[in-house]
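Here's a quick briefing to read alongside the model. Have a viewer open and click along as the topics come up.

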Amino acid sequence: MPFFSKIIKPLLALALSAAVLSAEQGCTKDSAPATPAGKPGEPRTIALTITEKGYEPSPITLQQGQPVKLVLTRTTEHTCATEIVLDEYNINTPVPLNQPVEVAFTPTKTGKLVYGCAMGKMINGVFMVE
C-alpha cells in the first residue's frame, strides 16, 4: 500500500484539480477559450496549440462575418503540422516551434471549415461557422 499512497493518491489529486479548473473555466470540447470581440468589428482572438494530438481545441464555433485572430503556438517537433493551411482564405502560414504566430481572417460563409497541415490536411482541425 505505500506505493498507492505515495504515487497514486497525488496523481488522483492532480487529475481532480485539473478537472475542477477546466470546469471553472467553462472549457468544453465544443468551445475554445477566446477573448470576446469587445467592440463591434474587432476580431475575436482564439488561442490554438499544435501538439502531438494535432490542432487544439477543435472544433471551434465561429460567427459568419465576425473577424477572427488566431494565435497559434506549436509545442512539439513530433508533428507534420508545422503550418496552418486554410485554402478558402488563401492562408498558408508557417508556425515555428514555441513561437506564437497570428493569423487573421473573417469567415464569409456558414458551414464546416477544415484547416490543417500542408500534407493534404492529414492533421486538421475544424471551425463550425454559424
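Accessible areas here come from the Shrake-Rupley method with a 1.4 Å probe. On that basis the protein exposes about 8,000 Å², and carbon and sulfur atoms supply 59% of it. Keep in mind that this is a predicted model. The fold has one helix and ten strands, and the points below go through the overall make-up, one strand pairing, the aromatic rings, two buried polar residues and some backbone oddities.

**Overall make-up**

- Reading from the N terminus, the order of elements is α-β-β-β-β-β-β-β-β-β-β.
- The protein has 130 residues, and buried ones make up 28% of them.
- Take the contacts between residues at least 6 apart in sequence: 56% of these join residues at least 24 apart.

**Strands β5 and β8**

- β5 and β8 pair up in the antiparallel sense, with five bridges between them.
- Within that pairing, L70 sits opposite V103 in β8.
- In a regular strand, side chains alternate between the two faces of the sheet.
- β8 shows this alternation: V101, V103 and F105 point to one face and are buried. E102 and A104 point to the other face and are not buried.

**Aromatic rings**

- How many aromatic pairs does the structure hold? There are four.
- One of them is Y55 with Y115: the ring centres are 5.1 Å apart and the planes sit at 80°, so this pair counts as edge-to-face. The cut-off behind that label is an angle over 60 degrees.
- That pair ties together distant parts of the chain, with Y55 in strand β3 (residues 54-56) and Y115 in strand β9 (residues 111-116), 60 residues apart.
- Y55 and Y115 are both buried.
- F105 and F127 make another aromatic pair, this one tilted, at 5.9 Å centre to centre with 45° between the planes.
- Here too the link is between distant parts of the chain: F105 belongs to strand β8 (residues 101-105) and F127 to strand β10 (residues 124-129), 22 residues apart.
- Like the two tyrosines just mentioned, which are buried, both F105 and F127 are buried.
- Zooming out, Y55, Y89, F105, Y115 and F127 form one aromatic cluster.

**Two buried polar residues: R74 and T76**

- Is R74 buried or exposed? R74 lies in strand β5 and has a relative accessible area of 7%, so it counts as buried. The cut-off for buried is under 20%.
- A polar atom of the R74 side chain lies 2.9 Å from the backbone oxygen of V95.
- Leaving out residues up to four places away in sequence, R74 touches I50, T79, A81, T82, V95, P96, L97 and N98.
- T76 is found in the loop between β5 (68-74) and β6. Its relative accessible area is 7%, so T76 is buried despite that loop position.
- The T76 side chain puts a polar atom 2.9 Å from the backbone nitrogen of H78.
- With the same sequence neighbours left out, T76 touches I50, T51, E52 and L97.
- I50 and L97 therefore turn up in both contact lists, that of R74 and that of T76.

**Backbone oddities**

- Which peptide bonds are cis? One runs from E56 to P57, with omega near -5°. Another runs from S58 to P59, with omega near 5°.
- P57 lies in the loop between β3 and β4 (60-62), and P59 is found in the loop between β3 and β4 as well.
- N90 has a positive phi of about 50° although it isn't a glycine.
- N90 lies in the loop between β6 (83-86) and β7 (91-94). With a relative accessible area of 75%, N90 is exposed, the cut-off being over 50%.
- N98 also has a positive phi without being a glycine, with a value near 60°. N98 lies in the loop between β7 and β8, and N98 is among the residues that R74 touches.

Methods: Residues are numbered from 1 along each chain as its sequence is written. This is a predicted model: local features need pLDDT of at least 70, side-chain atom pairs count only at pLDDT 80 or more; totals for chains, interfaces and linings use all residues. Side-chain values use heavy atoms; hydrogens and water are left out. Rings of Phe, Tyr and Trp (its six-membered ring) pair if their centres lie within 6.5 Å; planes under 30 degrees apart count as stacked, over 60 as edge-to-face and the rest as tilted. Helices (H or I, at least four residues) and strands (E, at least two) are DSSP runs, numbered from the N terminus. Buried means under 20% relative accessible area, exposed over 50%, partly exposed in between (1.4 Å probe, protein chains only). A polar contact is a pair of N or O atoms within 3.5 Å; within protein, one must be able to donate a hydrogen and the other to accept it, and residues adjacent in sequence count only if both atoms are side-chain atoms. Contact means heavy atoms within 4.5 Å. Two strands pair if DSSP finds at least two bridges between them.
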